[in-house]
Structures are given as structure tokens and as C-alpha cells.
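Visitor: Could you take me in for a close look at one salt bridge and what surrounds it? I'd like to start with the pair itself and then see how it sits in the rest of the chain.

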Amino acid sequence: MAGGGAKTNGLVDHVIDYIYRHVADERLRPGARLPSETTISLTLGVSRPVVREAMRTLAATGLVEMAVGKRATIVPVDGEMLSRVIGNALVTGQADTRNILEMRRGIEITMVALAAERRSEEDATELKKIVREMATRLGNAKRYAELDLELHARLARATGNPLYTLLIDAFRQLIAASMQEGIERWSASPELKRVQDLHENIVAAVVARDPGAAAGAMAQHFDDALIKILAPIVAGEPVK
């Protein structure tokens with residue numbers, strides 16, 4: 001029994017490798033269909049249940065989408081899979097919020113420098129629009145947190161590198177709760193105005209196409225604002 005299971009697993013892996021090679025060799029893009037289960041089965045000399053199991057595995061990774069009676073289709077990548085992995089690490093105690101913020105800090109400093117170099121006029125217009133609305137929402141923690149995430153997503157788009165968009169999308173749900181918690185904590189203090197000032201500095205640097213200033217402002221943003229989300233003491237008093 002054990003040997004049979006190992007053999008089946010090996011065949012499934014063989015089919016998966018074949019499909020990855022096929023996608024790369026044929027330059028398949030989102031929306032393209034894979035060969036039918038029957039075609040793959042005959043090509044590789046394996047059973048259709050083995051092909052189906054390989055397809056299910058690929059669907060779980062987010063490469064393909066399956067539908068009854070239809071050939072599997074290549075789908076656009078999103079941050080959901082990565083978000084699940086990081087979420088699992090949090091739930092199981094293999095990582096914590098500080099780890100996520102430290103990783104984001106390094107990623108987003110480089111990201112915003114690229115955004116300053118590559119941003120379009122449309123990007124500049126949208127960034128200024130978002131940060132202006134943020135200035136009017138200092139008393140609304142939920143909306144301010146939503147706009148904060150929107151700002152970082154737009155900065156990712158401005159790089160022209162789809163992987164930054166993917167990473168920010170993956171972080172989105174994971175950081176939303178902690179970001180809102182921090183904003184609520186500061187909503188009645190000068191701290192939130194400081195956070196807003198940093199956002200405005202970031203946008204101004206990107207609009208001015210100044211990568212060094214943009215990177216410096218983003219570093220300060222994390223050091224002076226987001227990391228404080230984790231602080232157990234504010235002004236010497238326990239956080240309520």
C-alpha cells in the first residue's frame with residue numbers, strides 16, 4: 001500500500017512538472033487553456049485520476065482554475081496564496097507582527113525609490129488625491145487605515161513591477177487590523193498628525209522624482225509610525 005501511494009505521488013509530481021514546462025514552453029498567459037485531461041493522460045501514459053489530482057494541486061497553488069466539464073485555465077496571480085502562508089506562520093507562532101513590519105520595511109523602502117523613478121503622471125495625480133483625503137480623515141480610524149493601504153498599493157503600481165503589487169496585496173489583510181489599532185490609539189494625539197506628515201513627505205518625494213528622499217521618508221514612516229503599533233506603552237501609560 002505504501003509503495004503504491006509513493007508511486008502515485010511520483011506520477012502526480014511528473015504530471016505537475018510536465019504542465020509547468022508546457023506553460024513555460026508555450027508561453028501561456030492568464031486566460032489560456034491547458035490541454036484536456038485526456039490529452040495529458042495519453043501524452044504521459046498516466047491515468048486520468050492522476051492528471052486530475054495534479055490539476056487539483058496546481059489549482060491549490062493558484063496557477064490554474066478548474067471547472068466541471070471544462071479544460072483548466074491559467075489564472076492571474078494575486079496575493080492570496082502568499083497571504084495564507086504568512087497568515088499560517090502568524091497563527092502557528094512561527095512569525096509575529098514585528099517580523100512582518102521588518103520585512104515590509106525593507107521591501108517598501110526599495111519599492112518607493114523605484115516608484116519615484118518610474119511613476120507616471122497618473123500615478124502622481126492619484127497619490128496626491130489619496131494623501132489629500134487622508135488629511136481629512138484623521139478622526140476616522142477605519143477610513144484612514146483603508147486609505148493608508150490604498151496609498152501603499154498605488155506606490156506599488158507606480159514601480160511598474162507587478163511583484164510589488166503582489167506583495168502589497170498579500171500583506172493587505174494581515175496588516176489592516178494592526179494598522180487600524182495603531183491609528184485608533186493615536187487619533188486623539190499629535191502622533192497621527194506625524195504619521196500624516198510622513199505620508200505627505202513620501203508622496204511629495206515620489207511626485208518630485210526624488211528616489212533618495214522617497215526612500216528616506218518611507219524608512220522614517222516605518223521607524224517613527226508603524227513600528228509604534230507594537231509599543232505596549234504610550235506616553236508612559238498602559239495602552240487601553
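Guide: Let's go straight to E37 and R48, which form a salt bridge with their closest N and O atoms 3.6 Å apart. E37 sits in helix 2 and R48 in helix 3 (residues 48-61), so this pair ties together parts that are 11 residues apart in sequence. Bear in mind that the model is predicted. As for the idea behind such a pair, side chains of opposite charge can pair when their charged atoms come close.

Now, are the two partners buried or exposed? E37 counts as buried, because its relative accessible area is 18% and the cut-off is under 20%. R48 is partly exposed, with 40% relative accessibility. So on the helix 2 side the acid is buried, while its basic partner on helix 3 is partly exposed.

Stay with E37 a bit longer. Which other side chain does E37 reach through a polar contact? That would be R52, whose side chain joins that of E37 at 3.1 Å. If you set aside the neighbours within four places in sequence, E37 is in contact with R48, V51, R52 and M66. On the spacing of R48 and R52, a general point helps: an α-helix has 3.6 residues a turn, so residues three or four places apart point the same way.

Just upstream of helix 2 there's a backbone detail to look at. R27 lies in the loop between helix 1 (2-25) and helix 2 (37-44). Its phi is near 55°, which is a positive value in a residue other than glycine. R27 is exposed, at 62% relative accessible area. You'll find another such phi much further along, at R209, again near 55° and again in a residue other than glycine. R209 belongs to the loop between helix 9 (190-207) and helix 10 (211-224), and with a relative accessibility of 40% it is partly exposed.

Back to charge pairs, for context. How many salt bridges does the model hold? The count comes to 14. One of them brings the side chains of E121 and R119 together at 2.9 Å, N to O. Here E121 is exposed, with 54% relative accessible area, whereas R119 is buried at 7%.

Next door in sequence, E122 pairs with R154, and the closest N and O atoms are 3.7 Å apart. This one links distant parts of the chain: E122 is in helix 6 (residues 121-135) and R154 in helix 7 (residues 141-158), 32 residues apart. E122 is exposed at 52% relative accessibility, and R154 is buried at 9%. Salt bridges with shared partners also join E133, R137, K142, R143 and E146 into one network.

Now for helix 5 (residues 97-118), where the geometry can be checked. At 1.5 Å a residue, its 22 residues should span 32 Å, and the end C-alpha atoms are 30 Å apart, so the two agree. The buried residues of helix 5 are I100, L101, R104, I107, E108, I109, M111, V112, A113, L114, A115 and A116. Note that the list includes R104 and E108 alongside residues such as I100 and L101.

For a nonpolar spot on the surface, turn to M81, L82 and V85, which make a patch of about 220 Å². V85 is in helix 4 (residues 80-91).

Finally, zoom out to the whole chain. There are 10 helices and 4 strands, and from the N terminus the elements run α-α-α-β-β-α-α-α-α-α-α-α-β-β. Helices 2 and 3, the ones tied by E37 and R48, therefore come ahead of the first β in that order. Of the 240 residues, 40% are buried, E37 being one that counts as buried. The accessible surface comes to about 13,000 Å², with 54% of it belonging to carbon and sulfur atoms. As for contacts with a separation of 6 or more, 69% of them are between residues 24 or more positions apart.

How values were computed:
Residues are numbered from 1 along each chain as its sequence is written. This is a predicted model: local features need pLDDT of at least 70, side-chain atom pairs count only at pLDDT 80 or more; totals for chains, interfaces and linings use all residues. Side-chain values use heavy atoms; hydrogens and water are left out. Helices (H or I, at least four residues) and strands (E, at least two) are DSSP runs, numbered from the N terminus. Buried means under 20% relative accessible area, exposed over 50%, partly exposed in between (1.4 Å probe, protein chains only). A salt bridge is a side-chain nitrogen of Lys or Arg within 4 Å of a carboxyl oxygen of Asp or Glu. Patches are made of residues with over 30% relative accessible area and no salt bridge: like charges are joined within 9 Å, nonpolar side chains (Val, Leu, Ile, Met, Phe, Trp, Tyr) within 5 Å. Accessible areas come from the Shrake-Rupley method with a 1.4 Å probe; for residues, only the protein chains shown count as cover. Contact means heavy atoms within 4.5 Å. A polar contact is a pair of N or O atoms within 3.5 Å; within protein, one must be able to donate a hydrogen and the other to accept it, and residues adjacent in sequence count only if both atoms are side-chain atoms. The expected span of a helix is 1.5 Å times one less than its number of residues.
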